[in-house]
Amino acid sequence: MPHKILVADDATAGRAVFEKLLTALGYEPVFARDGRDAINLFIEFPDIAAILMDIRMPGLNGIKATQEIRMACGPRGMKVPIIAITAADGVEVRRECLSSGMNEVLVKPIDPRKLVETIRRFLN
């Protein structure tokens, strides 16, 4: 049974790239269009093993969605690895992501090797 990975990204092109890459790696991607959708899908699918969370989405952004998952979804919400995906690079962005409860930050365009390495580090 492949690991299910929740991808929260409002960009259609981004979701297409993640779908190809994650499927090729043997993971099962589940897609959310915003932070609220990500929270609902995390609750709906108890077998989600990791979350790739865009930090800039309309409605509920990835920072707030991460905080809500960490605080409102019990022990599972505290343990699931949440990896920020962002086009914004820099020390402040990284600090904001990590202080919100994210485990790692990857900058777009995502390097496929770095993505694989990061996911495997948390899932193996």
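Arg 70 is a good place to start in this predicted model: the residue is buried yet has no salt bridge, and the nearest side chain of opposite charge, Glu 104, sits 12 Å away. Elsewhere the structure holds 11 salt bridges, while disulfides number 0. The largest nonpolar core counts 25 residues, and a cis peptide bond joins Lys 108 and Pro 109.

**Arg 70, a buried charge**

- Arg 70 belongs to helix 3, which covers residues 62–72.
- What does the side chain of Arg 70 reach at 2.7 Å? The partner is a backbone atom, the oxygen of Val 80.
- Setting aside neighbours within four places in sequence, Arg 70 touches the run Gly 77, Met 78, Lys 79, Val 80, Pro 81 and Ile 82, plus Ser 100, Gly 101 and Asn 103.
- Glu 104, the nearest oppositely charged side chain at 12 Å from Arg 70, turns up again among the contacts of Thr 118.

**The nonpolar cores**

- Within the 25-residue core, the residues with the most contacts are Leu 6, Phe 42, Ile 51, Met 53, Ile 69, Cys 97 and Met 102.
- Two or more residues apiece come from strand 1 (4–8), strand 2 (28–32), helix 2 (35–44), strand 3 (48–54), helix 3, strand 4 (82–86) and helix 5 (91–99).
- Which element gives the most to this core? That's helix 2, with 4 residues.
- Apart from this core lies another one, of 15 residues, and among its members are Ile 5, Leu 22, Ala 50 and Ile 85.
- Met 53, one of the well-connected residues of the 25-residue core, has a long contact list once neighbours within four places are left aside: Ala 8, Ala 38, Gly 62, Ala 65, Thr 66, Ile 69, Ile 82, Ile 83, Ala 84, Ile 85 and Met 102.
- Two names on that Met 53 list, Ile 69 and Met 102, are also among the residues with the most contacts inside the core.
- As general background, nonpolar side chains tend to be buried together in soluble globular proteins.

**Cysteines without a bond**

- The disulfide count is 0, and Cys 73 is no exception: the nearest cysteine sulfur, that of Cys 97, is 19 Å away.
- Why is Cys 97 not bonded to Cys 73? Their sulfurs are 19 Å apart, and that's too far for a bond, given that Cys 73 holds the closest cysteine sulfur to Cys 97.
- Cys 73 counts as buried at 16% relative accessibility, and Cys 97 is buried too, at 0%.
- Cys 97 also shows up among the residues with the most contacts inside the 25-residue core.

**Salt bridges**

- Lys 108 and Asp 54 pair up through their side chains, at 3.4 Å from N to O. This pair links distant parts of the chain, with Lys 108 in the loop between strand 5 and helix 6 and Asp 54 in strand 3, 54 residues apart.
- Buried or exposed, where does Asp 54 fall? Asp 54 is buried, with a relative accessible area of 5%, whereas Lys 108 is partly exposed at 27%.
- Glu 96 and Arg 56 form another bridge, and their closest N and O atoms are 3.8 Å apart. Glu 96 lies in helix 5 and Arg 56 in the loop between strand 3 and helix 3, so this pair ties together parts that are 40 residues apart in sequence.
- Both partners are partly exposed: Glu 96 has a relative accessible area of 33%, and Arg 56 comes in at 45%.
- Asp 111 and Arg 113 also form a salt bridge, with the closest N and O atoms 3.6 Å apart. Asp 111 is partly exposed at 34%, while Arg 113 is exposed at 65%.
- Lys 4, Glu 28 and Asp 47 are linked in a salt-bridge network.

**The cis proline and helix 6**

- The cis peptide bond between Lys 108 and Pro 109 has an omega of about -5°.
- Pro 109 sits in the loop between strand 5 (104–107) and helix 6 (112–123). Lys 108, on the other side of that bond, is the residue that bridges to Asp 54.
- Thr 118 is found in helix 6 and is buried, with 0% relative accessibility.
- Beyond neighbours within four places in sequence, Thr 118 contacts Ile 83, Glu 104 and Leu 106.

Definitions and conventions
Residues are numbered from 1 along each chain as its sequence is written. This is a predicted model: local features need pLDDT of at least 70, side-chain atom pairs count only at pLDDT 80 or more; totals for chains, interfaces and linings use all residues. Side-chain values use heavy atoms; hydrogens and water are left out. A disulfide is a pair of cysteine sulfur atoms within 2.5 Å. Buried means under 20% relative accessible area, exposed over 50%, partly exposed in between (1.4 Å probe, protein chains only). Lys and Arg count as positive and Asp and Glu as negative; His and the chain ends are not counted. A salt bridge is a side-chain nitrogen of Lys or Arg within 4 Å of a carboxyl oxygen of Asp or Glu. A polar contact is a pair of N or O atoms within 3.5 Å; within protein, one must be able to donate a hydrogen and the other to accept it, and residues adjacent in sequence count only if both atoms are side-chain atoms. Contact means heavy atoms within 4.5 Å. A nonpolar core is a set of buried Ala, Val, Leu, Ile, Met, Phe, Trp, Tyr and Cys residues joined through side-chain atoms within 4.5 Å.
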